[in-house]
Amino acid sequence: MVSTINASTAGSGGIITSGDSSGVMALQVAGNTALTVNADKSIAFSAGGVTKNIQETATISATAATGTVDVDILTSVVWYYTSNAAGNWTFNFRGNSGTTLDSVMSTGQSLTVAFLVQLGSTGYYASAITIDGVANTPVWQGGLAPSSGSPSNLDAYVYTIIKTSSATFKVLAQRISYS
C-alpha cells in the first residue's frame with residue numbers, strides 16, 4: 001500500500017510513504033522521486049544531490065585507550081577519548097554489542113570512522129584492528145603501520161572501511177598527530 005500526502009495535484013508531488021512496515025518515505029516533485037529516506041535512515045537522491053551543513057554526533061569519553069576498544073558505529077563514527085592512553089590497544093569495529101558491522105553494511109558500501117586519543121608521555125598506539133572480532137590488516141597511508149604514537153599529543157586514527165563481500169572488508173588507514 002502506498003500513501004500520498006500533501007500532493008496538490010495527483011502525480012504532481014508530495015510525500016510518499018510505503019504504508020507498510022518497511023518505513024520507506026519519499027519526496028516526489030513533479031511526478032519524479034527526488035529523495036528517498038529508508039527505514040535504516042539512509043538517504044538516496046534520485047539524480048545526485050547536494051547536501052549542506054551535515055553534522056555528525058561525536059562520542060566524547062573521559063576514557064583511556066587500552067586493551068580492546070569497541071567502536072560501535074551505530075552510536076557514532078567520531079570518537080574522542082580524552083584521558084591519556086594507558087597502553088597499546090586494538091580497535092574492534094562493530095555495529096554495536098548485539099549487531100555486527102557485517103549486518104549493518106551492504107557489499108559496496110563504505111564508512112569512515114575517526115578515533116581521537118590523547119597521549120601522555122608514552123607513545124602508545126593502535127596496534128591492530130578487528131571487525132566483528134575478526135583480525136583485519138589495513139592498508140596504511142604511506143605504506144607503513146605506525147609502531148608508536150606521538151607522546152604528549154592528540155593522535156587521530158581515520159579508517160575507511162569498505163565492505164567487499166560478506167564478512168570481508170578492505171580498510172584504508174591513516175594516523176595524524178596534533179600537538
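The following questions and answers concern the sheets, salt bridges and nonpolar core of a predicted model.

Reader: In what order do the strands of the open four-stranded sheet lie?

Author: This open sheet is built from four strands with mixed pairing. Strand S7 (67-72) and strand S12 (134-136) are its edge strands, each pairing on one side only. From one strand to the next, the twist averages 35 degrees. The order is S7-S9-S11-S12.

Reader: Which residue in S9 stands opposite Val71?

Author: S7 and strand S9 (residues 89-94) run parallel and are joined by six bridges. Within this sheet S7 is an edge strand. The residue in S9 that stands opposite Val71 is Phe93.

Reader: Which residue of S11 is the bridge partner of Thr90?

Author: S9 and S11 also run parallel, and five bridges join them. Thr90 belongs to the set that points one way from S9 together with Asn92 and Arg94, while Trp89, Phe91 and Phe93 point the other way. The bridge partner of Thr90 in S11 is Ala128.

Reader: How many of the six residues of S9 are buried?

Author: Trp89, Phe91 and Phe93 lie on one side of S9, with Thr90, Asn92 and Arg94 pointing the other way, and all are buried. For Arg94, the relative accessible area is 17%, and the cut-off for a buried residue is under 20%. S9 is thus mostly covered, and the number of its residues that are buried is six.

Reader: Which acidic side chain meets Arg94 in a salt bridge at 3.5 Å, and is that partner buried or partly exposed?

Author: The salt bridge of Arg94 links distant parts of the chain, running from strand S9 to strand S7 across 24 residues. Salt bridges that share partners also join Asp70, Asp72 and Arg94 into one network. The partner at 3.5 Å, N to O, is Asp70. Because its relative accessibility is 31%, Asp70 counts as partly exposed.

Reader: What is the distance between the closest N and O atoms of Lys163 and Asp102?

Author: Lys163 lies in strand S14 (residues 154-165) and Asp102 in helix H1 (residues 101-104), so their salt bridge ties together parts that are 61 residues apart in sequence. Both Lys163 and Asp102 are buried. The closest N and O atoms of this pair are separated by 2.8 Å.

Reader: Which residue forms a salt bridge with Arg175, and what is its relative accessibility?

Author: Arg175 is in strand S15 (residues 168-178), and its partner is in strand S14, 20 residues apart from it. Arg175 is partly exposed, with a relative accessible area of 29%. The partner is Asp155, with closest N and O atoms 3.1 Å apart. Asp155 counts as buried because its relative accessibility is 0%.

Reader: Which strands stand at the edges of the six-stranded sheet?

Author: This open sheet has mixed pairing and the order S6-S8-S10-S14-S15-S13. Each edge strand has a single partner strand, so one side of each is left without a neighbour in the sheet. The edge strands are S6 (58-64) and S13 (139-140).

Reader: Which residue of S15 stands opposite Val139?

Author: Strand S13 spans residues 139-140. S13 pairs with S15 in the parallel sense over two bridges. Opposite Val139 in S15 stands Leu172.

Reader: Which strand gives the most residues to the largest nonpolar core?

Author: The core contains 29 residues, of which Trp89, Phe91, Phe93, Tyr159 and Ile161 touch the most other members. At least two residues come from each of S7, strand S8 (78-83), S9, strand S10 (110-118), strand S11 (126-131), S14 and S15. The strand that gives the most, with four residues, is S10.

Reader: Which residues does Phe93 touch, not counting residues up to four places away in sequence?

Author: Phe93 is one of the core residues that touch the most other members, and it points the same way from S9 as Trp89 and Phe91. Its bridge-opposed neighbour in S7, Val71, is also among its contacts. The full list is Val71, Leu101, Val113, Ile129, Thr130, Ile131, Asp132, Tyr159 and Ile161.

Note on methods: Residues are numbered from 1 along each chain as its sequence is written. This is a predicted model: local features need pLDDT of at least 70, side-chain atom pairs count only at pLDDT 80 or more; totals for chains, interfaces and linings use all residues. Side-chain values use heavy atoms; hydrogens and water are left out. Two strands pair if DSSP finds at least two bridges between them. Axes are lines fitted to C-alpha atoms, for helices over the stretch in contact, and angles run from 0 to 180 degrees between N-to-C directions. A salt bridge is a side-chain nitrogen of Lys or Arg within 4 Å of a carboxyl oxygen of Asp or Glu. Buried means under 20% relative accessible area, exposed over 50%, partly exposed in between (1.4 Å probe, protein chains only). A nonpolar core is a set of buried Ala, Val, Leu, Ile, Met, Phe, Trp, Tyr and Cys residues joined through side-chain atoms within 4.5 Å. Contact means heavy atoms within 4.5 Å.
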